[in-house]
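Work through the exercises below with the sequence and the structure open. Try each task before reading its solution.

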Amino acid sequence: MSQRSRISSKSIDWISLTVFLSLLIIGWLMLYASVYDSNVSYAYLDFDSIIGKQTIWLAIALVAFVVVYAIDWQFWNTFALPIYGVAIFLLIMVLIVGTEIKGATSWFTFGGVSFQPSEIAKFATALAVSGFLSSYKSDIRTKNSILISFGLILLPVFFILLQSDAGSAIIFVSFFMLFYRRGLSPLFYILGFSIAGIFIGSLIFGPRIIVLAAALLGLGILIYNIGDSWRSALIFFLISSISILLYFRDLYWYGIGIVAISTAVYSFMMFQERLFRTLTLVLPAVLISTMLAFGSTFAFESLLEPHQQDRIDVWLRPEKSDPRGARYNIIQSKLAIGSGGLQGKGFLKGDMTNLNYVPEQTTDFIFSTVGEEQGFIGSFGVIFLFTLLIIRTIIIAERAKNVFIQNYAYCVAGIFFVHFFINIGMALGIMPVIGIPLPFLSKGGSALLGFTIMVAVLLRMDMARFRA
Amino acid sequence: MEDKAKVILIFVAICSFFLVAKSAQLQIFDSKYQEQARRTTLDKSIKYPSRGLIFDRNNKLLVSNSTIYDIEVIYNNVPDVIDTSELCTLLGIDKSAFIKNINKNWSSPQYHKAIPFTFLSKVRPEQFSVFQEHLHKYPGFYPIERNIRNYPHSNMAHALGFLGEVTKKDVQEKSDDYRNGDYIGKSGLERTYEYALKGEKGVGYVLKDNLGRNVESFENGRLDSSAVSGSDIISTLDLDLQAYGEELMQGKMGSVVAIEPSTGEVLAMMSSPTYNPNLLNLDRNRGVSYDSLNLDTLYRPLFDRSVMAKYPPGSIFKTIFSLVAMEKGILTPNRTIYCDGVYEVDSKGLYKQKCHQHPTPYNVSIALQHSCNTYYYQTLREFIDSYGYSTPGKGLDTLISYLEDFGLGDKLGIDYHTEGKGFLPRSEVYDRMYSSVYNGWRSTYVLSLGIGQGELELTTLQMANLAAILANRGYYYPPHLVKTFVKDEFTLKPWYTTKKKVRISQEYYEPVIDGMAKVTTLGTGKLAYITDIELCGKTGTSENAGVDHSVFFAFAPRENPKIAIAVYVENAGFGGAIAAPIASLMIEKYINGTINERRQYLEDRMKTTKLIATSSDPIDQ
């Protein structure tokens, strides 16, 4: 590849830039549609109206994009730690002098403009983690590096949780995409997904069936490891059917008893055959799963706050929640999206949107405006654009010649992915209600600015691949 | 590309596919949402149960329900152009009230443009029926039925109590039962038996179209429930007796309590001046009515004198004091104490207490018949000194411990939340009072306790209960206002069916009751005499800084008593003049149903006697 001029029309990733700009425009239009009221004429640059404010923020974001794009990428690597330090400082400051909005003390307010430092924290943590993991001294497969990388994430998470802004804190799981790419042991992911699975399963189906499933799985592994193939398969099949049958006959504990006795018998056989390794892995796993399953209800009731319990109930056990209370947002959002049909009702023609039937439609539930007015075609389009942006970011990561750039790109991909998946999933009713914005579409200046800067830095870094 | 990168890409792609699939399901494959969306809003309606009714002991209706309407509105469903001036006329409000009621503070979490809130409350049925015909012109507005209480008579205001809006605390503590704007029992039976009367609310979830019309139930009504009406209550009160008593008490300040001795059931309970319970029945004039009752600080019609006011009992106390003194051996039924109209406390005659002219009391009965003060001064002195001259506290506290047996000095536990305790002066009261006196106090300091004066204070309810104890010769059931609940799931508290015994030997009752019988035949209460009913009573004239209070308590007939009563009339002078006739008229009315025509003059006199300036029902409609 030949040397090219530093900023040339060919060096920028046109696909990403186009997707980014499209989302900016769609975002402005959808927000306009969400606040549209045929009785009110809007001054688009009036700072007191929602859309006027957003227009001004959009202009600021575009200027910021150009400015940031002009800065050499090495700057971000060099100053990663100082920026991180400033971000942490701002997170502490907001606890002291911040303004409380909707129960979270996570905003600085200067004369009508509010600003959320957790937006900077995301970007700063991305830089810091990328910087740390690009050093030749660090290796995510070693204990030390794991501790430091996790620490870099947990520090801002800690302060954000103190602001009682659980939504922004959840975003920081995004960095596990980068960790995976850098080779963090799959054990973490298996563990994480198992615990989540047991928790969710226990809440939906009750802990009993989950315990039975875990016990049967454990027994299956034992039998698989010791018996000859077809006879043991038959035995396993028999035990499973009997215990499941007993479960449905309200004789659950007899079923568990049968599985427990069989497990004891096979454990003894394995003990004699000196197959300790499998034994020490399977038995504790089953035991811990049992505790988790029975502990889930307890954890749910004692560790979560009532409004958080409501949100989990709405997600997993809708029959337990009040359709006029906690479930109302989701019901209304799904109704609005569903009513859009294939083609949508047309721009500014969504009656549920116009009549404000969906609470929080300008922020968390902006996707319902897309769904109602633009239909499935619009929903698909927005999901497609986000997916394209994330895939393109991963491609940028993979073609980077510098580990720092690759790391940073994965961070950006992770952050966009978590925002996009949770927010749209929530509007569609498949994810719990977590108050996080949809990038470029939801109302909010500091989020818009934060995402724009992230993209600008990414595109600037991508240019580095043309240099030798 | 690296394997790990591929895994990430596939993961992202699968997740995106999930979102697209779910979108497709909502928007293309599942037509339910498009149909439902046409109905636009999901509404939760509360179905209010009807509140339990209250009957008197003869099944006469005391409290019934009638309907008023709250008008609720969903802001978003109100069209931009409506005829507001017609709406205001229909509802009888002016334009500024309309503007104030419909424009709520939208930034407050209490209100939302898509959630109904109360636009106008307490619309009367006649106003509502006019509005209802025009309701279709005002989408977004709809009525909610509310039960309010009605009283077919105008009596028993205090005992029945009234309803009022729930407080913030009620809503927070019992959020399942109450929400803002609901009504709850604030006093009287309405308050005590709120749990039985209120019933259970039902809910209905309904999908409404954008004109506010119901379209269909939500999820086939799986989450709906119907309202369960509250339990009716049969009260122990006797409406006829109560109404008669209130009539006699008109123009007087005081209270009357009548109890059925064999059961502890309260037959009548009144405080005068009273008010018409219909004044506080929650329609829109209520605020004015309540204020005018509440601001009357001279007569305090809202103050329930029957259970809240503490009065010195006066001479009626001599009856139970006789019992305790005989039990302790200070008196014997036939003891004579000489009286020449003066009780000389010291031998030199420097310190005297007065008595009045009457024959010498040869025994307890005669002492009671003529209400001899000397007799009881001497008895009290001996009683206290028998535990040591220099330790009067011991003697007094022994007396007090017996009085506690009679249910004095503490609440009797009637099902009425404002009940007072009265006051029993234990020795520490006098220790404190005379702490600066050298050598402390002596029995002579508290002589007036012997005739029911001084620091001793009782509620009228306690006095009536004393009459019941005497009627029963030594026991009582805690007085109560409810006989039964119509719904089986509620039962009377076992407390009300537990017999309370008094530690007095049976033999001492007859001398006292004999004295009480003589009071009406030959003694201080002759106006209470009824030809065909043997009435046992005792007058009291409770000394007061102004005009004395007139007291009378009684039971009748002497054998198998049906009624025990206490009448307390403030500033009415001699007990035999006002309180005794009222008590005996009520007893005659209750037992015979009519008043003998020879006593008609007495009835007329009592009805017309006015001791306070205004009518007893100062703001009757």
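The exercises deal with confidence in the model and then with one strand of chain B.

This is a predicted model, in which local features need pLDDT of at least 70 and side-chain atom pairs count only at pLDDT 80 or more, while totals for chains, interfaces and linings use all residues. Residues are numbered from 1 along each chain as its sequence is written, chains are lettered from A and ligands numbered from 1 in the order in which they are written, and side-chain values use heavy atoms, leaving out hydrogens and water.

**Exercise 1.** State the mean pLDDT of chain B and find where pLDDT stays under 50.

Solution.
1. pLDDT is the predictor's confidence in each residue, from 0 to 100.
2. Chain B has a mean pLDDT of 85, and 93% of its residues reach 70 or more.
3. Over residues 615-621 of chain B, pLDDT stays under 50.
4. For the complex, the predictor gives an ipTM of 0.90 and a pTM of 0.58.

**Exercise 2.** Decide whether the residues of strand S11 of chain B are buried or exposed.

Solution.
1. Strands (E, at least two residues) are DSSP runs, numbered from the N terminus.
2. Buried means under 20% relative accessible area, exposed over 50% (1.4 Å probe, protein chains only).
3. S11(B) spans residues 254-260, and 7 of its 7 residues are buried.
4. Both faces are covered, with Val256(B) among the buried residues on one side and Val257(B) among those on the other.

**Exercise 3.** Identify the strands that pair with S11(B).

Solution.
1. Two strands pair if DSSP finds at least two bridges between them.
2. S12(B), residues 265-272, runs antiparallel to S11(B) and is joined to it by 7 bridges.
3. These two strands form a hairpin with 4 residues between them, and Gly264(B) in the turn has a positive phi of about 80°.
4. S20(B), residues 563-569, also pairs with S11(B) in the antiparallel sense, over 6 bridges.
5. Ala258(B) stands opposite Ala268(B) in S12(B) and opposite Ile565(B) in S20(B).

Conventions
Contact means heavy atoms within 4.5 Å.
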